[in-house]
Amino acid sequence: MRPTGSLHLGHYHGVLKNWVKLQHEHECLFFVADWHALTTHYDSPEVIQNNVWEMVIDWLAAGVDPNHATLFIQSQVPEHAELHLLLSMITPLGWLERMPTYKDQQEKLTEKDLSTYGFLGYPLLQSADILIYRANLVPVGEDQVPHIEFTREMARRFNHLYGRELGFEQKAEAAIKKMGGKKSRLYEELRTRYQEQGDDEALAAGQALINEQQNLSLGDRERLFGYLEGGGKVILAEPQSLLTVASRMPGLDGQKMSKSYHNTISMREDAESVTKKIRTMPTDPARVRRTDPGTPDKCPVWALHQIYSNDAVRNWVQEGCVSAGIGCIECKQPVIEGVLKEQEPMRERAKMYMESPSLVRNLIADGCEKAREHARDTMRDVREAMGLRY
Ligand code: SF4
């Protein structure tokens, strides 16, 4: 996520809630994309600097848990830049120019000169961000799917150019290396079987051994099979998009909640300001007086009831609005309560982290170190494959 502004409830419902869920289902890495932010904010780096830590606190406030996921800052893992550079050598220019987001963003952000090298190459930097962790799933919205497809093509191109046929023994060694603690026993066993039985039986034995490893993630398991079966050519793994159900959080004016529409409620906004913002929200323009009936479908408050209210409250709104049985201020009260209730644990968690900035810095430092371990591992293979190990 790019650190270009404070996060609001649209980010919470659209992205962070999903991260909180994913962190219990997969081994997750979430990072502050400060280099990506520079592609559009190269002339105002202070915006990025000011937002990095606030954004991490917002993540933590939302319930992203450093004990379950690795949180880090992109620029603190310089291997991303090295992989980006090396991939740039083999990236056809046309692949980048054809990206739908490239022209689209250039047209939208007219106040900025985006005819830069960094902006054209940002999908490639994104590919490096993914490939360096040999990630098998990337949680994205529909609009980012072409970027994941591009990343897959980059991985294929790289593997095609630099992947090498390895003998079974070398493949097994490379595979076992990835298994960490179980390494030596497995390797010895595989080697013995290979020597005793030849390729086919050893392959079956290797697969059985991999299957027995309880502590391997699905991604690792697939990668290891790839190593054993695929002629040792898989250096960069092809990721898949993990499509998130589009959750369109309405803003205070009924449009999508977005900083550019000035219709947001920040994730940690204080209760007084939230109450005031919702109390002054526009409603169905037909309800000029308290006695005028209205239509919920024409009212942005109704859109918020879809998120924050249960069936009973929604029925109360429907009936009360069309019959002018309730007033708009009355109707808004459950939404105010719903938002405040949602924010309460966020404010509490954020308070703890704000009172102890060193805690946040330390957990990010740990995350960066963890991320770097994966990244170094990939870069060692990449350099070796490209003949850059001296
Ligand atoms: Fe909107 Fe509720 Fe007022 Fe109807 S009663 S116009 S739904 S705020």
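Helix H16 (311-322) and helix H17 each supply at least two residues of the shell around the ligand; helices are DSSP runs of H or I with at least four residues, numbered from the N terminus. The residues around the ligand, each with a heavy atom within 4 Å of it, are Thr283, Asp284, Arg287, Cys299, Val301, Val317, Cys321, Cys328 and Cys331. By class, this shell has 6 nonpolar, 1 polar and 2 charged residues. Here Ala, Val, Leu, Ile, Met, Phe, Trp, Tyr, Cys and Pro count as nonpolar, Asp, Glu, Lys and Arg as charged, and the others, Gly among them, as polar.

The ligand sits in the largest cavity. A cavity is a set of points, on a 1 Å grid over the protein atoms alone, where a 1.4 Å probe fits but cannot get out; sitting in it requires more than half of the molecule's atoms within 2 Å of its grid points.

The model is predicted, with local features needing pLDDT of at least 70 and side-chain atom pairs pLDDT 80 or more, while totals for chains, interfaces and linings use all residues. Residues are numbered from 1 along each chain as its sequence is written, and side-chain values use heavy atoms, without hydrogens and water.

H17 (residues 328-355) also packs against H1 (residues 9-22): their axes, lines fitted to C-alpha atoms over the stretch in contact, come within 12 Å and cross at roughly 75 degrees. The two are therefore roughly perpendicular, a label for angles of 65 to 115 degrees. Leu9, Tyr12 and His13 of H1 meet Val339, Glu342, Gln343 and Met346 of H17, with contact meaning heavy atoms within 4.5 Å.

Helices H2 (residues 34-41) and H8 (residues 122-131) have axes within 10 Å, crossing at roughly 175 degrees. That makes H2 roughly antiparallel to H8, the term for angles over 145 degrees.

Conventions. Axes fitted to C-alpha atoms, helices over the stretch in contact; angles between N-to-C directions. Parallel < 35°, antiparallel > 145°, perpendicular 65-115°, else oblique. 1 Å grid on protein atoms, 1.4 Å probe; cavity = no way out; pocket = protein on both sides within 12 Å on 5 of 7 lines; lining within 4 Å.
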